Amino acid sequence: MYKESMINLFVVLVGSLGVAFSSMVWAKNPNMAVSKRDSNGDGKVSFDEWDKPEFVFNKIDLNGDGYLTAQEFAKKWGIPMPGGSSLGNSIADAGSLDESDTVIADVHMHPMSQSPIEQLTWMNRNGVKWAGLGSMSKFKRENFSAVMKQRYIAFGGQGDMHRIYTQYGLADIEDENNKIFQSMMHELEQQFENGEIKGVGEIFANNRTTNPKPSMRRKTRIDAPTYRAILDLVEKYGGAMSMHVQWDSDSIEQLGVLADHNPNGNIIWAHCGNDGSAYEVRKVLKSHLNIYCDLSARSRPKLSDWVVNKRPQAEIFTSYNLNSGWRDLIEEMPDRFMVGTDTKGGSKYDKNIRNIRNGLLANLSQETAEKVAYKNAQKLFDLH
């Protein structure tokens, strides 16, 4: 009996030590500290997502912006970010840009939990000269701009539009009189005037089934007054608006109405309709010359096996092959397509760029490949 009790006690102690050890490892992993709490997928922790006392949150929130990042957890704990020199504090740690192949402009890269130095490391080793899009946090965008400078394609407004949705609901996203929207438009105009941003977005106009997080999903009128106002603003400053509009027939019709509202305003169609066919996309692009296609999330690894099995038409190119219908469309309209990654993590970024090079660009004519890889983005965003 005594022996059995001692064995049970030992099992309990081992189990307790295991729990304590796993908690200690979790507590000292900055990336995991964020990802375990990040319910909306914006790469940081808001107070609404926080599970501990407010004073602890405030101690970690070193810049006082109301969000906790992996970098802030690491600084508070006095430990380096996981990943070694790729997460260093010097641009030199990112290495030099590999220009042995055609350079790439990644027009769908969101600043998430990665640092600017980490992002530059991924870009340099993959020959990506420019990258960017919107960030949920103005501070995050400014941090990336300060470090990456002209290599970061900065967009504004994404966080504000999401805040309108979470605080007020679906209808207010379409209401140009919403106070947050009016304040956002004023700030965006100043940022355009100061040369701080190249565009507005990514705007989740219709991602009702194409976002893994239910809290991020919504469907709005694509030709709403708010979107018309944004299109007028980007046209005024020669920028662009990036819109996530999945393939619903009513949304596609409204996208055309929006494009016709200001034919000189540039619209970047994020993910090129998500699962629209080459035949369907061709009709949209032919009818509206101010719509450009961003080909992110139309290949793996952004597309999971599960998604491809469920929606095989979503995959345009693989690691070695390009759908023939899409090849014909891109060759027919070489000035209307750009590439993007929209992936998290260095290994997925590497794989995504390899697939872009070997599956997409390698199956296009050289002239078209260069336009899709970087020249179209370079022209649209005045990249140097």
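# Sheet, pockets and disulfide of a predicted model

Q: In this predicted model, in which element is the place of E202?
A: E202 belongs to a β-strand that spans residues 199-206, and eight of the eight residues of that strand are buried. The element in which E202 is placed is strand 6.

Q: Which residue does a cis peptide bond join to E202?
A: Most peptide bonds are trans. The bond leading into E202, however, is cis, with omega at about 10°. The partner joined to E202 through this bond is G201.

Q: In what order do the six strands of the open sheet stand?
A: The sheet is open and its pairing is parallel, with strand 5 and strand 10 (337-338) at the edges, each pairing on one side only. Strand 6 pairs with strand 5 over three bridges and with strand 7 (residues 240-245) over five bridges, while strand 8 is joined to strand 9 by three bridges. The order of the six strands is therefore 5-6-7-8-9-10.

Q: Which residue is the bridge partner of V200 in strand 7?
A: Strand 6 and strand 7 run in the parallel sense, paired over five bridges. Within strand 7, the residue that bridges to V200 is M241.

Q: Through which helix does the chain cross from strand 6 to strand 7, and is the crossover right-handed or left-handed?
A: Strand 6 and strand 7 are paired in the parallel sense, and the chain passes between them in a β-α-β crossover. The connecting helix is helix 10 (residues 225-236), and the crossover is right-handed.

Q: Which residue in strand 9 stands opposite I268?
A: Strand 8 and strand 9 run parallel and are joined by three bridges. Opposite I268, in strand 9, stands Y292.

Q: To which residue does a disulfide join C272?
A: The count of disulfides comes to one, and its two sulfur atoms lie 1.9 Å apart, inside the 2.5 Å cut-off applied to such pairs. The link is right-handed, with 70° about the S-S bond. It connects distant parts of the chain, 21 residues apart, from C272 in the loop between strand 8 (266-270) and helix 12 (278-287) to a partner in strand 9 (residues 291-294). Both cysteines are buried, and the partner of C272 is C293.

Q: What is the relative accessible area of H271?
A: H271 lies in the loop between strand 8 and helix 12, and its phi is near 65°, a positive value in a residue other than glycine. Because buried means under 20% relative accessible area, H271 counts as buried. Its relative accessible area is 2%.

Q: What is the phi of D342?
A: D342 is placed in the loop between strand 10 and helix 15 (346-360), and at 15% relative accessibility it counts as buried. Most residues other than glycine have a negative phi. D342 is not a glycine, yet its phi is positive, at about 55°.

Q: Which helix gives the most to the lining of the largest pocket?
A: The largest pocket has a volume of about 990 Å³ and is lined by 35 residues, with T210, N211, P212, K302 and D342 nearest its centre. Two elements give two or more residues to that lining, strand 6 and helix 13 (305-310). By class, the lining divides into 11 nonpolar, 14 polar and 10 charged residues. With three residues, the helix that gives the most is helix 13.

Q: From which helix does the largest share of the lining of the second largest pocket come?
A: The second largest pocket holds about 710 Å³ of space, and of its 31 lining residues the closest to the centre are Y67, M136, G159, D160 and R163. Among the elements that each supply at least two lining residues are helix 6 (138-148) and strand 5 (155-157). The largest share, seven residues, comes from helix 7.

Q: How many charged residues does the lining of the largest cavity have?
A: The structure holds one cavity of 30 Å³ or more, and it is lined by G43, K44, D65, T69, S137, F139 and K140. Its lining has one nonpolar and three polar residues, and the number of charged residues is three.

Notes. Residues numbered from 1 in each chain as written. Predicted model: local features only at pLDDT ≥ 70, side-chain atom pairs only at ≥ 80, totals over all residues. Heavy atoms only, no water. 1 Å grid on protein atoms, 1.4 Å probe; cavity = no way out; pocket = protein on both sides within 12 Å on 5 of 7 lines; lining within 4 Å. Points joined across faces, edges and corners; volume = space filled by probe spheres on them. Helix = DSSP H or I, 4+ residues; strand = E, 2+ residues; numbered from the N terminus. Nonpolar A, V, L, I, M, F, W, Y, C, P; charged D, E, K, R; others polar. Buried < 20%, exposed > 50% of the residue type's maximum accessible area, 1.4 Å probe, protein only. Pairing = 2+ DSSP bridges. Right-handed = clockwise from strand over helix to strand, strands pointing away.
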